[in-house]
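I have a new structure open today and a fresh notebook page beside it. Here is what I looked up, entry by entry, so that you can follow along.

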Amino acid sequence: MASTVQQRLNEVAAVGQEIAETGVAYLDGKFTPLADAKVSIATHALQYGTGVFEGIRAYWNPAKEQLYVFRLREHFERMAGSVRIMRITLPGDPDALSEIALELLRKNGFKSDVYVRPLAFKAARSVKVALQGLRDGFGMYAFPLGAYLPTGGLAARTASWRRTSDDAIPARGKLTGAYINTALAVDEAHDFEADEAIFLTADGHVSEGGGANIFMVRDGALITPPVTDDILEGITRDSILQIAAELGILVGERQIDRTELYVADEVFFCGTGAQVAPCVKIDGRVVGDGQIGPVAKKIGEVYFGIAHGDDKAHPEWRTAVYR
Ligand SMILES: Cc1ncc(COP(=O)(O)O)c(C=O)c1O
């Protein structure tokens, strides 16, 4: 058991480290060294969490000597939705922002799996807690990233913190301040030696992980909570729903009770950071037979194959960085 915990910690060790201030970033209309991409301590978003962000992965394919961004445009389309909620103006449409992301990756010359972090925020030096009439800022940076969550079978804990509901802080938008909810829940999970939190909605249904969507397998069907249960509408979730249907797996979006996870055959998390992360233990109970199940295994293999460009399916999901 001790070595399993150690293996899990080793796999994700890099996530907790500070990001090196090397390479090129983008801030307010120009590329600049990451070390110089700074904001004022008086920035509104730093005080009040009034920002929106995205997390995008690009996968390095050594055989093809190519870096593929996964579902690039869809991330900026979602960001365009998040900023509507926060009344922030982006400096361009999804195509223009996608071009900036590609240029950023080229300028950094990455030849490894990387994570791209675009951030739009209330940049005004203002203490007024409101949304309108405040100057907006936009930046982007990228850095090498391996696993964010363990992918070899993780432990999860149902959070005592409820998911923020749509009428409090909407989970549909990827809002910086909303991630306090995640930090509280994941921190609590770590106190119980679990890797990831499971959020319940205010009315007690399963919502999602701390930073990932959740799926379960029951009676051969792959089921995930609906978009109305206070989830981030995940791009990986959408990809997996499509992949599963193409594999002939019965898929469904419906409310899930907490104890359904205890009796499920399989549970796994998914997300840009999390990728496909099977869950073998919830609240101290073994999920299924305690091993990675066949559905999670197959979907993980197909997802990684497509994202890396080894599997030719869904070419529309991959954008090649280098010409
Ligand atoms: C709270 C939350 N839910 C779900 C996801 C998964 O979304 P996506 O697959 O678009 O990365 C994320 C981010 O990865 C997240 O932070």
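**Entry 1: the two domains.** I began with the domains, keeping in mind that this is a predicted model. The C-alpha centres of domain 1 and domain 2 are 23 Å apart. I then checked the bounds: the assignment places domain 1 at 2-144 and domain 2 at 154-308.

**Entry 2: where the domains meet.** I counted the contacts between them next, and found 25 residues of domain 1 touching 15 residues of domain 2. On the domain 1 side, at least two residues each come from helix H1 (2-11), helix H2 (44-48), strand S3 (51-53), strand S4 (56-61), strand S5 (66-70) and helix H3 (72-86). H3 supplies the largest share of that side, with 7 residues. I also sorted the residues of this side by character, and got 11 nonpolar, 8 polar and 6 charged.

**Entry 3: the whole chain.** I stepped back to look at the full chain, which has 8 helices and 17 strands. Its radius of gyration is 19 Å, close to the 20 Å that the globule rule gives for 323 residues, so the chain is as compact as a globular protein of that length. Along the principal axes, the C-alpha atoms fill a box of roughly 50 × 50 × 35 Å. I noted that buried residues make up 44% of the 323 residues. Among contacts with a separation of 6 or more, 70% join residues 24 or more positions apart.

**Entry 4: the core.** Which residues have the most contacts inside the largest nonpolar core? I found Ala101 and Leu105, in a core of 82 residues. H8 gives the largest share of this core, 6 residues. Both domains take part, as domain 1 (2-144) and domain 2 (154-308) each provide at least three residues. As background, I jotted down that nonpolar side chains tend to be buried together in soluble globular proteins. I then listed the contacts of alanine 101, leaving aside neighbours within four places in sequence: Ile56, Val69, Leu72, Val116, Pro118 and Met140.

**Entry 5: isoleucine 299.** I picked a residue of helix H8, isoleucine 299. Is isoleucine 299 buried or exposed? It counts as buried, because 25 C-beta neighbours lie inside 10 Å, and the cut-off for buried is 20 or more. Not counting residues up to four places away in sequence, isoleucine 299 touches Ile240, Ile243, Ala244 and Val276. I also took its distance to glutamine 66, which is 233 residues away along the chain: their C-alpha atoms are separated by 23 Å.

**Entry 6: threonine 224.** My next stop was strand S12, where threonine 224 lies. Threonine 224 has 24 C-beta neighbours inside 10 Å, so it counts as buried. It touches Asn213, Ile214, Phe215, Arg237 and Glu253, with residues up to four places away in sequence not counted. Glycine 55 is 169 residues from threonine 224 in sequence, and 21 Å from it in space, C-alpha to C-alpha.

**Entry 7: around the ligand.** How many residues surround the ligand? I found 13, and the closest are Gly234, Ile235, Thr236, Gly271 and Thr272. Helix H6 (residues 235-246) gives the most to this shell, with 3 residues. By character, the shell holds 3 nonpolar, 8 polar and 2 charged residues.

**Entry 8: two positive phi angles.** I looked at aspartate 219, which has a positive phi of about 50° although it is not a glycine. Aspartate 219 is in the loop between strand S11 (213-218) and strand S12 (221-224). It is exposed, because 8 other C-beta atoms lie within 10 Å, and 12 or fewer is the cut-off for exposed. Histidine 314 also went on the page, with a positive phi near 50° in a residue other than glycine. Histidine 314 sits in the loop between H8 and S17, and is partly exposed, with 16 other C-beta atoms within 10 Å.

**Entry 9: glutamate 316.** I finished with glutamate 316, in the loop between helix H8 (294-308) and strand S17 (318-320). Glutamate 316 has 9 C-beta neighbours inside 10 Å, so it counts as exposed. How far apart in space are glutamate 316 and phenylalanine 70? They are 246 residues apart in sequence and 9.2 Å apart in space, C-alpha to C-alpha.

Terms used. Residues numbered from 1 in each chain as written. Predicted model: local features only at pLDDT ≥ 70, side-chain atom pairs only at ≥ 80, totals over all residues. Helix = DSSP H or I, 4+ residues; strand = E, 2+ residues; numbered from the N terminus. Near = placed C-beta within 6 Å. Nonpolar A, V, L, I, M, F, W, Y, C, P; charged D, E, K, R; others polar. Domains from an automatic or database assignment. Contact = placed C-beta atoms within 7 Å. Core = buried A, V, L, I, M, F, W, Y, C linked by C-beta atoms within 7 Å. Rg over C-alpha atoms; globule rule 2.2 N^0.38 Å.
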